[in-house]
Amino acid sequence: MKKYFFLFALLGTVVLSACLKNDDSQLDDDKKIREQFTKDSILMSNFIVAEGIDTSGVRGGLLYEIITPGTGNHVYNANSQVTVKYEGRLLNGTVFDKTTNDAVTFRLGQLVSGWQIGIPLIQKGGKIRLIVPSYYGYGTATQAKIPANSVLDFDIELIDVK
């Protein structure tokens with residue numbers, strides 16, 4: 001499990017370093033981003049260990065567990081229409097959003113970055129669990145039931161893709 005944490009931290013550092021600008025006005029923001037990334041990494045690592053989650057995958061700082069891969073084509077672009085059933089939780093278990101009986105359809109490009117990265121990893125009929133760092137979720141913005149800088153935990157079932 002420790003190897004995943006260190007791999008996760010290394011990948012995130014590379015991604016963040018590549019995005020940083022060299023002007024003075026950006027330095028404070030860059031420091032805040034790195035500090036939040038470190039906090040998210042620790043929270044995510046502790047969470048997956050405590051919950052016994054097999055996050056066999058890391059993609060750009062996003063942790064995921066493919067529960068069922070599904071069949072058919074993968075989702076590849078921001079204009080793809082994805083029909084899903086899902087539940088979103090904070091790491092303390094508080095459910096902040098979920099579908100009821102009916103699935104919902106979204107354009108992939110309109111979803112948080114964590115979903116844009118994670119959903120293409122499965123196919124129609126697939127199920128995935130995403131542990132989304134704050135910068136791939138809502139970042140510093142507070143949403144109705146989601147505090148700023150929250151790491152998010154999603155279970156997603158991909159019903160259809162068009």
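W115 is a buried residue, with a relative accessibility of 4%, and this briefing on a predicted model starts from that side chain before turning to the fold, the nonpolar cores and the charged pairs. The ring of W115 pairs with that of Y86, and W115 is also one of the residues that touch the most other members of the largest nonpolar core. The chain that holds these residues has 162 residues, of which 41% count as buried.

**Aromatic pairs**

- The number of aromatic pairs comes to seven; in one of them, the ring centres of Y86 and W115 lie 5.1 Å apart with the planes at 80 degrees, and because that angle is over 60 degrees the pair counts as edge-to-face.
- Y86 belongs to strand β3 and W115 to helix α3, so this ring pair ties together parts of the chain that are 29 residues apart in sequence.
- Y86, like its partner, falls in the buried class, with a relative accessibility of 11%, against 4% for W115.
- Ring pairs also build a wider cluster, whose members are Y86, F96, F106, W115 and F154.
- In general terms, the distance of the centres and the angle of the planes are what describe a pair of aromatic rings.

**Nonpolar cores**

- The largest nonpolar core holds 25 residues, and those touching the most other members are V84, W115, I119, L130, F154 and I156.
- Two or more residues of this core come from each of β2 (62-68), β3, α3, β6 and β7.
- A second core, separate from the largest one, has eight residues, including I53, V58, L63 and I131.
- Which residues does L130 touch, once those up to four places away in sequence are set aside? They are L62, L63, Y64, G114, W115, G118, L152, D153, F154 and I156, a list that includes W115, F154 and I156, which are themselves named among the residues with the most contacts to other core members.
- As a general tendency, nonpolar side chains in soluble globular proteins are buried together.

**Salt bridges**

- The model has six salt bridges, and one network of such bridges links E87, R89, R129, D153 and D155.
- Within that network, D153 pairs with R89 at 3.2 Å between the closest N and O atoms; D153 lies in strand β7 (residues 152-161) and R89 in strand β3 (residues 81-90), so the bridge ties together parts that are 64 residues apart in sequence.
- D153 also bridges to R129, with the closest N and O atoms 2.7 Å apart, and this pair links strand β7, where D153 lies, to strand β6, which holds R129, over a separation of 24 residues.
- How buried are the three residues of these two bridges? D153 has a relative accessibility of 2%, R89 has a relative accessible area of 9% and R129 one of 17%, and each counts as buried because its value is under 20%.
- A further salt bridge joins D160 and K124 at 3.6 Å, N to O; D160 lies in strand β7 and K124 in the loop between α3 (113-118) and β6 (127-132), so the pair ties together parts that are 36 residues apart in sequence.
- K124, at 42% relative accessibility, counts as partly exposed, whereas R89 and R129 are buried.

**The loop residue T99**

- T99 sits in the loop between β4 (95-98) and β5 (104-107), and at 12% relative accessibility T99 counts as buried.
- Beyond its neighbours within four places in sequence, T99 is in contact with V84, K85, Y86 and V104.
- From T99 to G88 the C-alpha distance is 9.3 Å, and the two residues are eleven apart in sequence.

**Chain as a whole**

- Three helices and seven strands make up the elements of the chain, and from the N terminus on their order is α-α-β-β-β-β-β-α-β-β.
- Of the contacts between residues at least 6 apart in sequence, 67% join residues at least 24 apart.
- The chain has an accessible surface of about 9,000 Å², and carbon and sulfur atoms account for 51% of that area.

Note on methods:
Residues numbered from 1 in each chain as written. Predicted model: local features only at pLDDT ≥ 70, side-chain atom pairs only at ≥ 80, totals over all residues. Heavy atoms only, no water. Salt bridge = Lys/Arg side-chain N within 4 Å of Asp/Glu carboxyl O. Helix = DSSP H or I, 4+ residues; strand = E, 2+ residues; numbered from the N terminus. Buried < 20%, exposed > 50% of the residue type's maximum accessible area, 1.4 Å probe, protein only. Contact = heavy atoms within 4.5 Å. Phe/Tyr/Trp six-rings, centres within 6.5 Å; stacked < 30°, edge-to-face > 60°. Core = buried A, V, L, I, M, F, W, Y, C linked by side-chain atoms within 4.5 Å. Areas by Shrake-Rupley, 256 points an atom, 1.4 Å probe, with all protein chains shown as cover.
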